[in-house]
Amino acid sequence: MIFLTGCDEKTEWQLPWFVSNYKAHTDLPLVIANFGMSEVMRDWATCQAQVFDCESRGWFTKVEAMIRMRSMFGEKKFCWVDTDCQICSEPSGIFSYVQPEKLTMIVDHPWTTRRGDMGQWYNSGVVAYEGTPNVLLNWHKECRQGVHRGDQEALYSWLGGDFMKVASYISEAPHRYNTLRIDLIDKTAPKNPIIMHWTGQKGNEEIRNQMK
């Protein structure tokens, strides 16, 4: 079981905060994908975890990094976590929800409520999986089309609001494994989040405050 995160020069300021929280709560291996970090931050990161470089640039490189994990580590269980996520307690329990050929994700309650579309939205800030499921490859193809705002929108588009398709390719983990900042505003946050996801500009402000 291996956790994965990644960043570029714009978001690398979050990495020391992320790593500190991660190491405070688990001893599982951490891999960091370099999407264009500064040399100083990359050197720092190599002292904290295994680092690999991604030649591609752009938001879709996250999915590329997830695909590469199998070639580097074999048929293991992996979990991507965005660097704006705060590990609050031992996160390894998410791997118990991983199913073959599926992505294990958490419902994005704020987006599902606000968008009003057919089907549920799943937040892509925390994604667990095993090996290289076909759904991951299809997600990457959808991302590469370049018509979506981000990887979360690309996955939703590929699933197409089809409940049968969602059931075939998505396994849900409890809300505690990806509690969003807006969940706090909407009063939908579960008690004792395991991973707190500080999204958006206001989330960045919270992270900076914690780093002081």
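The protein chain has nine helices and ten strands. Its radius of gyration is 16 Å, close to the 17 Å that the globule rule gives for 212 residues, so the chain is as compact as a globular protein of that length. The model is a predicted one. Along the principal axes, the C-alpha trace spans about 45 × 40 × 35 Å. Of the 212 residues, 53% are buried. Contacts across the sequence can be described in a similar way: among those between residues at least 6 apart, 67% join residues at least 24 apart.

A good place to enter the interior is strand β6, residues 103-107. Five of its five residues are buried, so β6 is largely enclosed by the rest of the structure. Strands of a sheet pair through backbone hydrogen bonds, either parallel or antiparallel. With strand β8 (residues 170-172), β6 pairs in the parallel sense over three bridges. Within that pairing, threonine 104 has serine 171 of β8 as its bridge partner. With strand β7 (residues 122-130), β6 pairs in the antiparallel sense, again over three bridges. Here isoleucine 106 is matched with asparagine 123 of β7.

A second set of strands forms an open sheet. It holds three strands in the order β5-β10-β9, and the pairing is mixed. Strands β5 and β9 (179-180) are the edges, each pairing on one side only. Between β9 and β10 the pairing is parallel and runs over two bridges. Leucine 180 stands opposite histidine 197 in β10.

The helices can be read against these strands. Helix α1 covers residues 15-25, and its buried residues are Leu15, Trp17, Phe18, Val19, Asn21 and Tyr22. An α-helix has 3.6 residues a turn, so residues three or four places apart point the same way. The elements that cover the buried residues of α1 include the strands β1 (2-7), β2 (30-34), β4 (77-81) and β5, together with the helices α2 (39-46) and α9 (200-211). Strand β5, one of these, is also an edge strand of the open sheet.

Helix α3 spans residues 61-73, and threonine 61 belongs to it. Is threonine 61 buried or exposed? At 1% relative accessibility it counts as buried, because the cut-off for that class is under 20%. Leaving aside residues up to four places away in sequence, threonine 61 touches Phe35 and Ser56.

Glycine 131 is another buried position, this one in a loop. It is found between β7 and α5 (134-144). Its relative accessibility is 0%, so glycine 131 counts as buried. What does glycine 131 touch, not counting residues up to four places away in sequence? The contacts are Arg70, Glu75, Lys76 and Phe78. Phenylalanine 78 is 53 residues away from glycine 131 along the chain, yet their C-alpha atoms are separated by 7.6 Å.

Two further loop residues stand out by their backbone angles. Most residues other than glycine have a negative phi, and most peptide bonds are trans. Glutamate 101 has a positive phi, near 60°. This residue lies in the loop between β5 (85-87) and β6. At 39% relative accessibility, glutamate 101 counts as partly exposed. Asparagine 192 also has a positive phi, near 50°. Its loop runs between α8 (181-186) and β10 (195-197). At 60% relative accessibility, asparagine 192 counts as exposed, because the cut-off for that class is over 50%.

The last feature is the empty space inside the model. There are two cavities of 30 Å³ or more. The largest has a volume of about 40 Å³. Which residues line the largest cavity? They are Gln120, Trp121, Tyr122, Gln152, Leu155, Tyr156 and Leu159. Helix α6 (residues 151-159) gives the largest share of this lining, four residues. By residue type, the lining divides into five nonpolar, two polar and no charged.

Key:
Residues numbered from 1 in each chain as written. Predicted model: local features only at pLDDT ≥ 70, side-chain atom pairs only at ≥ 80, totals over all residues. Heavy atoms only, no water. 1 Å grid on protein atoms, 1.4 Å probe; cavity = no way out; pocket = protein on both sides within 12 Å on 5 of 7 lines; lining within 4 Å. Points joined across faces, edges and corners; volume = space filled by probe spheres on them. Nonpolar A, V, L, I, M, F, W, Y, C, P; charged D, E, K, R; others polar. Buried < 20%, exposed > 50% of the residue type's maximum accessible area, 1.4 Å probe, protein only. Pairing = 2+ DSSP bridges. Rg over C-alpha atoms; globule rule 2.2 N^0.38 Å. Contact = heavy atoms within 4.5 Å.
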